[in-house]
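Grab a pencil and work through these short exercises. Try each task yourself before peeking at the solution.

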Amino acid sequence: KRVPPELDFHERLATLRKERGLTQLALAELVEMHISQIRRYESGQSQPTLDAIRKLARALSVSADMLLFAQNE
């Protein structure tokens, strides 16, 4: 599946996680973060560090660009 290009980071993150059948807890464990941090990212309350983006992209098997940018950016 393709993530709609108009989504913001937090929406892309949630969409990709759900597409891969991961719970917030499972993703948190994969990237060695607390679940509350994943919740903050997905709600748009917090922006990830570069290191966190790298970990999230690896865990979700996508490029960092796919997490951060719309298709035409």
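## Getting to know the chain

Of the 73 residues in the protein chain, 40% count as buried. Keep in mind that this is a predicted model.

**Exercise 1.** Work out how many helices and strands the protein chain has, and in what order its elements run.

*Solution.* Start with the count: there are 5 helices and 0 strands. Next, walk along from the N terminus, and the elements read α-α-α-α-α.

**Exercise 2.** Take contacts between residues at least 6 apart in sequence, and find what share joins residues at least 24 apart.

*Solution.* Contact here means heavy atoms within 4.5 Å. Among the contacts that qualify in the protein chain, 51% link residues at least 24 apart.

**Exercise 3.** Find how much area the protein chain exposes, and what part of it carbon and sulfur atoms supply.

*Solution.* The exposed area comes to about 4600 Å². Carbon and sulfur atoms account for 50% of that.

**Exercise 4.** Locate Glu 32, check its phi, and decide whether it is buried or exposed.

*Solution.* First, the place: Glu 32 sits in the loop between α2 (24–30) and α3 (35–43). Then the backbone: its phi is positive, about 55 degrees, although Glu 32 is not a glycine. Last, the surface: exposed means over 50% relative accessible area. Glu 32 has 69% relative accessibility, so it counts as exposed.

**Exercise 5.** Now do the same for Ser 61.

*Solution.* Ser 61 belongs to the loop between α4 (50–60) and α5 (64–68). Its phi is near 55 degrees, a positive value in a residue other than glycine. Ser 61 counts as exposed because its relative accessibility is 64%.

Definitions and conventions: Residues are numbered from 1 along each chain as its sequence is written. This is a predicted model: local features need pLDDT of at least 70, side-chain atom pairs count only at pLDDT 80 or more; totals for chains, interfaces and linings use all residues. Side-chain values use heavy atoms; hydrogens and water are left out. Helices (H or I, at least four residues) and strands (E, at least two) are DSSP runs, numbered from the N terminus. Buried means under 20% relative accessible area, exposed over 50%, partly exposed in between (1.4 Å probe, protein chains only). Accessible areas come from the Shrake-Rupley method with a 1.4 Å probe; for residues, only the protein chains shown count as cover.
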